[in-house]
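User: Could you pick a single part of this one and give me a close look at its surroundings? After that, feel free to work outwards and tell me how the rest compares.

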Amino acid sequence: MEAFFDVKGFGEDAPLQGIQGHIALLQTNRTIFGKVSAQRQTFYRDNQKIASDSLDHFIVQVFLKGGGPVLDGPTVQNGDLFVIDMARFHERLSYPFTNLSFIIPRDRDPSLSHILERLHNKTLPGRHPLVAMIRRQMTQLWDYQDDFSIAQMELAMENTVELIKATLNQSNPASCEATYNASPALGHAIRDYIEQNLGRPLEVERLVARFQISRAQLYRLFAQHSGISRYVQERRLMMAYRLLLQKGNSLSIFSIAATCGFKSESHFSNSFRARFGRTAQDVRAEGNILKLRTDGDRKLLDQWLSDL
């Protein structure tokens, strides 16, 4: 589980030891599909987990048994479809459960990612006929996997992901349809440009000129992220968090701030503390003692997730 989430017991601060569970996964070029069963526990992805593993994927799950309440969100029930954006905070109390899951990288399909971003920590009820159809499709895909060739399995997984995309778009038209003339692919291209240039100036005027769009279009594209300026600062802070956790990184905290596009050390320090609830010095100290066990199957799974 630690490849995806940190895990703890109900009402406990320390991670659980010796969890009873079973996880089986298949990987194609652009997707991971699997079945997971486990005992009662709490799953969470906090700021440290998100920053340290840098996984930019979605998890789309259908529950065959069990479920549980999401922190500040819905309660997942047997039969429901549930979406997790791995780049955002998530915590869920889970009773004994079994689910089928797709792990889908954000850059696989910009229009699908546009839908999934809006559904983070949300459920679609199992009684919805389209959700029931997805559940049947995913169940049959898992049950008959041994009868497929590799090429057939890849095609079947691609078709299932397309079914999920069509279903989520139809099930939540009010929240999933774009309200601007710019396509989801444009939003993806701008986010990718920002990610590759976090250490450089990224003012609104520069982005508007580079992508030949209006300021209003740019603001609408990033409305769900609380605005373009907030989005850029969030990505810069996450980059700084990752650099601070890197072992052997000899850059000073000010140099890390500058590398991530902050012009003022005080601005960086105040923003960092406000975002993560601890100082950059604290995070660097955590990085020096952070140990990650990566052997056997866990090492293979980490590599799969990284390859996506």
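Analyst: Let's go with Gly261, which counts as buried because its relative accessibility is 19%, and the cut-off for buried is under 20%. Keep in mind that this is a predicted model. Gly261 sits in the loop that runs between α10 (253-259) and α11 (265-276).

What does Gly261 touch once residues up to four places away in sequence are set aside? The answer is Leu198, Gly199 and Arg236. Arg236 is worth a second look: 25 residues separate Arg236 from Gly261 along the chain, yet their C-alpha atoms are 6.8 Å apart.

Those two also turn up together at the second largest pocket. That pocket holds about 350 Å³ of space. Its lining is made up of 15 residues, and the ones closest to the centre are Leu202, Val232, Arg236, Gly261 and Lys263. So which element gives the most to this lining? Helix α9, residues 228-245, does, with five residues. By character, the lining of the second largest pocket splits into six nonpolar, five polar and four charged residues.

Next, the helix on the far side of Gly261's loop. Ser269 has its place in α11, and at 35% relative accessibility Ser269 counts as partly exposed. Ser269 and Ile253 are 16 residues apart in sequence, with 9.3 Å between their C-alpha atoms.

Moving on to α7, residues 204-211, you'll find Val204, Leu207, Val208 and Phe211 buried there. These four span an arc of only 100° around the axis, so they are on the same side of α7. The spacing makes sense in general terms: an α-helix has 3.6 residues a turn, so residues three or four places apart point the same way.

Right after α7 comes Gln212, with a positive phi near 55°. Gln212 is not a glycine, which makes that phi worth noting. Gln212 belongs to the loop between α7 and α8 (215-221), and with a relative accessible area of 68% it counts as exposed. Asp72 has a positive phi too, near 55°, and Asp72 is likewise a residue other than glycine. You'll find Asp72 in the loop that links β6 (68-69) and β7 (75-76). Is Asp72 buried or exposed? Exposed, since its relative accessibility is 79%.

For a contrast with the open pocket, try the enclosed spaces. The structure holds two cavities of 30 Å³ or more, and the largest cavity has a volume of about 140 Å³. Around the largest cavity there are 15 lining residues, with Phe4, Phe5, Val36, Gln61 and Ser101 nearest the centre. Strands do a good part of the work here: β2, β3 (32-38), β5 (57-65) and β10 (97-105) each supply at least two lining residues. β10 provides the largest share, four residues. As for chemistry, ten of the residues lining the largest cavity are nonpolar, four are polar and one is charged.

One of those strands, β2, covers residues 21-27 and includes Gln27. Gln27 counts as partly exposed, because its relative accessibility is 31%. Leaving out residues up to four places away in sequence, Gln27 touches Ile32, Trp304 and Asp307. Gln27 also has Met153 at a C-alpha to C-alpha distance of 9.9 Å, although the two positions lie 126 residues apart in sequence terms.

Finally, zooming out to the whole protein. There are 13 helices and eleven strands. Gly261 has company in being buried: of the 308 residues, 45% count as buried. Links between distant parts of the chain are a big part of the picture, too. Among contacts between residues at least 6 apart in sequence, 74% join residues at least 24 apart, and the 25-residue separation of Gly261 and Arg236, which touch each other, is over that mark. On the outside, the protein exposes about 15300 Å², with carbon and sulfur atoms supplying 48% of that area.

Notes:
Residues are numbered from 1 along each chain as its sequence is written. This is a predicted model: local features need pLDDT of at least 70, side-chain atom pairs count only at pLDDT 80 or more; totals for chains, interfaces and linings use all residues. Side-chain values use heavy atoms; hydrogens and water are left out. Buried means under 20% relative accessible area, exposed over 50%, partly exposed in between (1.4 Å probe, protein chains only). Contact means heavy atoms within 4.5 Å. On a 1 Å grid over the protein atoms alone, a cavity is a set of points where a 1.4 Å probe fits but cannot get out, and a pocket is an open set with protein on both sides within 12 Å along at least five of seven lines; lining residues have an atom within 4 Å of a point. Grid points are joined across faces, edges and corners, and a volume is the space filled by probe spheres set on the points. Ala, Val, Leu, Ile, Met, Phe, Trp, Tyr, Cys and Pro count as nonpolar, Asp, Glu, Lys and Arg as charged, and the others, Gly among them, as polar. The arc is that of the directions from the helix axis to the C-beta atoms. Accessible areas come from the Shrake-Rupley method with a 1.4 Å probe; for residues, only the protein chains shown count as cover.
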